[in-house]
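Reader: Hey, can you walk me through this one? I'd like to start with the empty space inside.

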Amino acid sequence: MLVIVAPGQGSQAPGFLSPWLELPGLVDRLGRLSEVAGTDLVAHGTVSDAETIKDTAVAQPLIVGSGLVCLSALGTAATTEGAPLLDLVGATAGHSVGEITAAAIAGVLTDDEATAFVRERGLGMAEASAAAATGMSAVVGGEPAEVLSTLESLGLTAANNNGAGQVVAAGTLDQLSALSDAPPARARVIPLQVAGAFHTRHMQPAVERLSRHARELAPMDPSLPLLSNADGRVVDDGQEVLRRLVQQVSSPVRWDLTMETFVSMGVTGLIELPPAGTLVGLAKRGLRGVETLALRTPDDLDEARRMVRDHGRPREDVGTDGSAHPTQSPRLHPQEDTP
């Protein structure tokens, strides 16, 4: 089984899109998304400096837009093998803002809808971040229970539980300073260059902004299994996907549970869309035996085509009504209680 994953904020680097935009049609596609985003994604992906693309309101549309246009290049390369790419993909998921990319891959939102949604998300989170001195730090290593206990004792939130021995703590700068001064045993604390405490209560103003925007959307049900950041489960209903995308802004990301679901689904291959590398790094430690590919430049497309040939297959384990066979991971339906 092949899965396609989309990274989150912090994965971008100056000029990472330059080689991709040499491919036919990609500048035009990204230019159209730039109009929807209200910012020049072509410039930000090629010539903007690190400080510019670190801005939350720039970084988030850039990451989603990049994933969408590079997916089209991957699709063009893969269809030379026969069936359309997405007919051979077993599931998709995205980390934090990358979950919006995944929702578009699964057909819940159109590319334009996803871009408009991430525009509002980025602006809302930037405004919320400016309201208080907050931030995030990665905690690498340590005993998991002790790490979580330490964060709780300091009033910090485990905003990202990424598995593979990595938790991202979020809260006020004073709380993060106290964590650095007294880290859990055998753990390293690494401050992250982000504007605020994402995926915590500090982002509630952004949730309210996104909630208003979401009321204007009419999401479709996913056309392929889409895993949720909230609990790693497959969500069948488009409205539920949209609700979770809104709530995710102030709720922890459970990438550890997403990787557990990949294991239960029998995933054998994982391709990460640009700006790629972060999720492949986590998969190498948390998904032993799964072949991975970080799609960094068009030079990687030949290897991606080979992975599609080796790992891609029709989703025959999912019924035409969206129901799952017992061997598939649990699926979440809208009538169920959700976090």
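Reader: So how many cavities of 30 Å³ or more are there?

Author: The count is two cavities of 30 Å³ or more. A cavity here is a set of points on a 1 Å grid over the protein atoms alone where a 1.4 Å probe fits but cannot get out. Volume means the space filled by probe spheres set on the points, with grid points joined across faces, edges and corners. One caveat on the source: this is a predicted model, where local features need pLDDT of at least 70 and side-chain atom pairs count only at pLDDT 80 or more, while totals for chains, interfaces and linings use all residues. Also, residues are numbered from 1 along each chain as its sequence is written, and side-chain values use heavy atoms, with hydrogens and water left out.

Reader: Why use a probe at all?

Author: Rolling a probe the size of a water molecule over the atoms shows where empty space is left.

Reader: Ok, how much space lies in the largest cavity, and which residues line it?

Author: About 40 Å³. Its lining is Glu 99, Leu 226, Leu 227, Ser 228, Val 235, Val 241, Arg 244 and Leu 245, where a lining residue has an atom within 4 Å of a point. They divide into five nonpolar, one polar and two charged; nonpolar covers Ala, Val, Leu, Ile, Met, Phe, Trp, Tyr, Cys and Pro, charged covers Asp, Glu, Lys and Arg, and the others, Gly among them, are polar.

Reader: Which helix has the largest share of that lining?

Author: Helix H11 (residues 238-247), with three residues. Helices (H or I, at least four residues) and strands (E, at least two) are DSSP runs, numbered from the N terminus.

Reader: And the largest pocket, what's its volume?

Author: About 610 Å³. A pocket is an open set with protein on both sides within 12 Å along at least five of seven lines. The largest one is lined by 30 residues, and Gln 9, Gly 10, Ser 11, Leu 192 and Val 194 lie nearest its centre.

Reader: What's the chemistry of that lining, and which element gives the most?

Author: It divides into 13 nonpolar, 14 polar and three charged residues. H13 gives the most, with four residues. Among the others that supply at least two are helix H7 (111-130), strand E4 (157-163) and strand E5 (166-172).

Reader: E4 and E5, then. What sheet are they in?

Author: An open sheet of four strands, order E4-E5-E3-E6, with antiparallel pairing; strands pair if DSSP finds at least two bridges between them. E4 and strand E6 (187-191) are the edges, each pairing on one side only. Strand E3 (residues 134-141) and E5 are joined by seven bridges, and Val 139 stands opposite Val 167 in E5. Helix H8 (residues 144-153) packs on this sheet, touching E3, E4 and E5, at about 5° to E5. Contact means heavy atoms within 4.5 Å, and angles run from 0 to 180 degrees between N-to-C directions of lines fitted to C-alpha atoms, for helices over the stretch in contact.

Reader: What about a sheet with parallel pairing?

Author: That's the open sheet of four strands ordered E2-E1-E8-E9. Four bridges join strand E8 (residues 269-272) to E9, with Gly 269 partnered by Glu 291. Helix H14 (residues 301-311) packs on that sheet, touching E1, E8 and E9, at about 150° to E9.

Reader: Last one: what's the radius of gyration?

Author: 19 Å, which agrees with the value near 20 Å for a compact globule of 339 residues. It's taken over C-alpha atoms, and the globule rule is 2.2 Å times the number of residues to the power 0.38.
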